[in-house]
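Reader: I'd like to learn how to read a model like this one, feature by feature. Can you walk me through it?

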Amino acid sequence: MASTGIQDVVTATGLNRSSLYATFGGKQELYLAALRRYVQQRPQPVFRRLAQDERGLPAISGFFAGLIEARCSGDYARWGCTVSNAHTGAENSDPEARAVLDRHHQQLRDATHSVLVTADAQGQLAPGSDPGACADPLALLAYGVNLRSRAGADAHDLNGTVTTALAALGARSTP
């Protein structure tokens with residue numbers, strides 16, 4: 001965002017500067033609107049589905065498989081995630097952007113926690129595993145997948161990392 005000039009936005013959208021400024025007020029406001037829209041349309045529905053998935057660990061494995069597929073193949077391969085990119089960019093110093101990123105992280109963490117509670121109830125976690133404590137590293141792993149895929153990591157390697165992480169969290173193998 002910081003390296004994108006307003007002329008780049010004008011050229012990409014076909015709008016004129018006065019329309020952009022009249023609608024959004026400035027480049028930062030346009031960025032915040034785009035970030036909020038992205039979060040609302042992309043990750044939030046995925047997090048809702050994940051949180052409601054009754055399969056337990058297979059739901060988490062499926063979440064990561066879908067994430068890796070999206071980040072490593074297709075039209076948007078190697079682009080990373082808008083949220084992960086925002087975490088690493090200068091724009092994350094803006095309090096409003098930081099609030100959007102913090103909400104996103106909490107929603108991701110809550111979704112993984114919900115599924116881990118289900119997995120625990122189904123006997124899929126090792127005895128004594130704490131779903132709350134396990135949710136945090138899984139949320140961070142999702143950001144890592146996004147960043148590593150942007151850097152060119154191979155889908156096979158990312159899937160191996162996820163498998164290892166699930167095993168390290170005390171997860172038992174599931175069919």
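Author: Sure, starting with the order of elements: from the N terminus on, the protein chain runs α-α-α-α-α-α-α-α-α. That makes 9 helices and 0 strands, where helices (H or I, at least four residues) and strands (E, at least two) are DSSP runs numbered from the N terminus. This is a predicted model, so local features need pLDDT of at least 70 and side-chain atom pairs count only at pLDDT 80 or more, while totals for chains, interfaces and linings use all residues. Residues are numbered from 1 along each chain as its sequence is written, and side-chain values use heavy atoms, with hydrogens and water left out.

Reader: What does the C-alpha trace span along its principal axes, and what share of the residues is buried?

Author: The trace spans about 60 × 30 × 25 Å. Buried means under 20% relative accessible area, exposed over 50%, and partly exposed in between (1.4 Å probe, protein chains only). Of the 175 residues in the chain, 39% are buried.

Reader: And how do I read contacts along the sequence?

Author: Contact means heavy atoms within 4.5 Å. Take the contacts with a separation of 6 or more: residues 24 or more positions apart account for 69% of them.

Reader: Let's try one helix. Which residues of α1 are buried?

Author: In α1, residues 6-13, the buried ones are I6, V9 and V10. Looking down the axis of α1, these buried residues fall within an arc of 100 degrees, so they line one face of the helix; the arc is that of the directions from the helix axis to the C-beta atoms. T11 and A12, on the other side of α1, are exposed.

Reader: What do the buried residues of α1 pack against, and what follows the helix?

Author: They pack against α2 (17-24) and α3. After α1 comes G14, with a positive phi near 80 degrees.

Reader: Is there a positive phi in a residue other than glycine to look at, and where does that residue sit?

Author: Look at R78, a residue other than glycine whose phi is positive, near 70 degrees. R78 sits in the loop between α5 and α6, and it is partly exposed at 33% relative accessibility.

Reader: Which residues is C72 in contact with, leaving aside its neighbours within four places in sequence?

Author: R78 comes up again here: C72 is in contact with A77, R78, S149, A153, A155 and L158. C72 belongs to helix α5 and counts as buried at 15% relative accessibility. Compare sequence and space too: C72 and R150 are 78 residues apart in sequence and 8.2 Å apart, C-alpha to C-alpha. For another pair, take S93 and N146, 53 residues apart along the chain, whose C-alpha atoms are separated by 20 Å. S93 lies in the loop between α6 and α7 and is exposed, at 62%.

Reader: Now aromatics. How should I describe a pair of rings?

Author: A pair of aromatic rings is described by the distance of the centres and the angle of the planes. The cut-offs here: rings of Phe, Tyr and Trp (its six-membered ring) pair if their centres lie within 6.5 Å, and planes under 30 degrees apart count as stacked, over 60 as edge-to-face and the rest as tilted. A search of the whole structure finds 2 aromatic pairs. F63 and F64 have ring centres 5.1 Å apart and planes at 75 degrees, so the pair is edge-to-face. F63 is buried at 13%, and F64 is buried at 1%. The rings of Y76 and W79 have centres 4.9 Å apart and planes at 80 degrees, so that pair is edge-to-face. Y76 is partly exposed, at 47%, while W79 is exposed, at 53%.

Reader: Last one: pockets. How are they found?

Author: On a 1 Å grid over the protein atoms alone, a pocket is an open set of points where a 1.4 Å probe fits, with protein on both sides within 12 Å along at least five of seven lines; lining residues have an atom within 4 Å of a point. The largest pocket holds about 980 Å³ of space, a volume being the space filled by probe spheres set on the points, which are joined across faces, edges and corners.

Reader: How many residues line the largest pocket, and which helix gives the most?

Author: The lining has 40 residues, with Y38, R71, G80, C81 and T82 nearest the centre. α5 gives the most, with 7 residues. Helices supplying at least two lining residues each include α3 (27-41), α7 (95-121) and α8 (131-150).
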